[in-house]
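Visitor: Please take one part of this model and look at it closely. I would like its setting, its partners and its burial.

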Amino acid sequence: MPDRGGAPTIIDVARRAGVSKSVVSRVLTGSGGVASATQERVRTAAAELGYVANAMARGMVARRTHTIGAFVRDASQPFYGHLLTAMQERATALGYQVVTATGSGSFTVADEVRALEALVGLQVEGLLVCSGLIPVADVLPFAGRVPTVVAGRPETEDSLSSVYCDEAGGGRGLADHLWSLGHRRVAVVTVRADRSLTMAPRTAEMARRLRERGAQVVKVTDEQVRQDSRGDDLIEHLLSEPGISAVMTPSDHYALEVLEALDRRGLRAPDAISVTGYDGVAPLTTPLLGLTTWTQPLGTVGAYAVDEVVAQVEAVADGARHRAVDGYLVPGRTAGPPSR
């Protein structure tokens with residue numbers, strides 16, 4: 001228990017966890033250099049004492065920080081980079097600053113949780129979570145401490161707001177486009193939900209919609225594209241299968257790997273096989289590439305996400321809200337009528 005019968009301090013957490021206060025500080029700020037078992041002990045002690053929440057509350061009483069924390073899974077990727085830029089621009093327009101933590105794209109769920117802990121420890125007034133990996137169950141504890149919005153992926157949790165592009169609508173839109181071009185046997189590169197909470201629903205809807213239309217679907221796992229062959233084995237398989245005239249991939253980066261595998265064989269899309277991507281984010285939207293894709297309006301998603309978290313911070317929002325933003329088809333030259 002705290003020494004003085006008041007709000008817990010870092011010393012109280014250190015005593016509860018059986019470590020020094022400097023160790024507690026490194027754990028709660030994400031500085032590193034602490035064994036995982038010790039980190040877990042410190043976080044448990046802080047949670048039991050209510051240290052992070054109370055420390056943040058004291059800071060808010062003393063002064064407003066007008067700071068929003070944003071975690072993005074991999075800012076080097078165009079999707080996350082454009083989303084982060086949109087959020088920063090909107091926050092600035094509303095008088096807030098954005099403090100960012102980002103992974104390398106290879107972060108585990110535990111790494112992402114630690115990054116969120118570090119942001120909350122900086123006394124941010126709101127939190128934006130932009131990751132297709134971290135499960136909602138790991139986000140909810142933070143929503144209990146500070147207004148939190150999930151941006152860029154669909155969420156249905158009643159106590160957590162989210163802003164996202166309509167993944168199912170995008171999957172249907174692309175499937176309808178291929179059907180309208182005359183494709184009747186299509187390979188769909190599918191992704192499991194434990195690998196991506198955004199790619200999984202869009203690829204599932206692509207396959208479902210094609211079947212609903214009457215097309216034959218050949219499912220391919222994303223691992224077959226991401227293996228060392230960089231899509232070469234996948235292309236060899238698809239070209240050897242009779243009647244497959246198109247392949248739908250879960251993102252523009254996947255589509256690019258497929259197109260490069262075709263190029264290594266001296267082949268082109270759509271002559272050899274039609275190829276579609278998803279996301280529609282620059283620079284892969286260049287006409288020089290001509291990729292057929294589904295564009296997510298990330299500027300709108302990012303702005304709406306900031307609007308929502310600020311509304312919660314300023315107590316003008318009433319409960320959690322989920323806002324789906326429609327994307328749109330970009331009919332490039334990588335998909336055309338079947339040629340085989």
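Guide: A residue is called buried when its relative accessible area is under 20%. The model is predicted. Take Glu205 as a test of that cut-off. Its relative accessibility is 10%, so Glu205 counts as buried. Glu205 lies in helix 9, which spans residues 199-213. Leaving aside residues up to four places away in sequence, Glu205 touches Ala168, Gly171 and Arg172.

Now to the main part, strand 1. The strand covers residues 67-72, and 6 of its 6 residues are buried, so the rest of the structure largely encloses it. In a regular strand, side chains alternate between the two faces of the sheet. Here Thr67, Gly69 and Phe71 point one way. Ile68, Ala70 and Val72 point the other way. Residues of both sets are buried.

Next, the neighbours in the sheet. Strand 1 pairs with strand 2, residues 97-102, in the parallel sense. That pairing runs over 6 bridges. One bridge links Thr67 to Gln97 of strand 2. Between strand 1 and strand 2 the chain passes through helix 5, residues 78-93. This β-α-β crossover is right-handed.

Strand 1 also pairs with strand 3, residues 126-130. The sense is again parallel, and here there are 5 bridges. Val72 of strand 1 stands opposite Cys130 in strand 3.

To sum up the strand: it has parallel pairings with strand 2 and with strand 3, and 6 of its 6 residues are buried.

Key
Residues are numbered from 1 along each chain as its sequence is written. This is a predicted model: local features need pLDDT of at least 70, side-chain atom pairs count only at pLDDT 80 or more; totals for chains, interfaces and linings use all residues. Side-chain values use heavy atoms; hydrogens and water are left out. Helices (H or I, at least four residues) and strands (E, at least two) are DSSP runs, numbered from the N terminus. Buried means under 20% relative accessible area, exposed over 50%, partly exposed in between (1.4 Å probe, protein chains only). Contact means heavy atoms within 4.5 Å. Two strands pair if DSSP finds at least two bridges between them. A crossover is right-handed if, with the strands pointing away from the viewer, the path from the first strand over the helix to the second runs clockwise.
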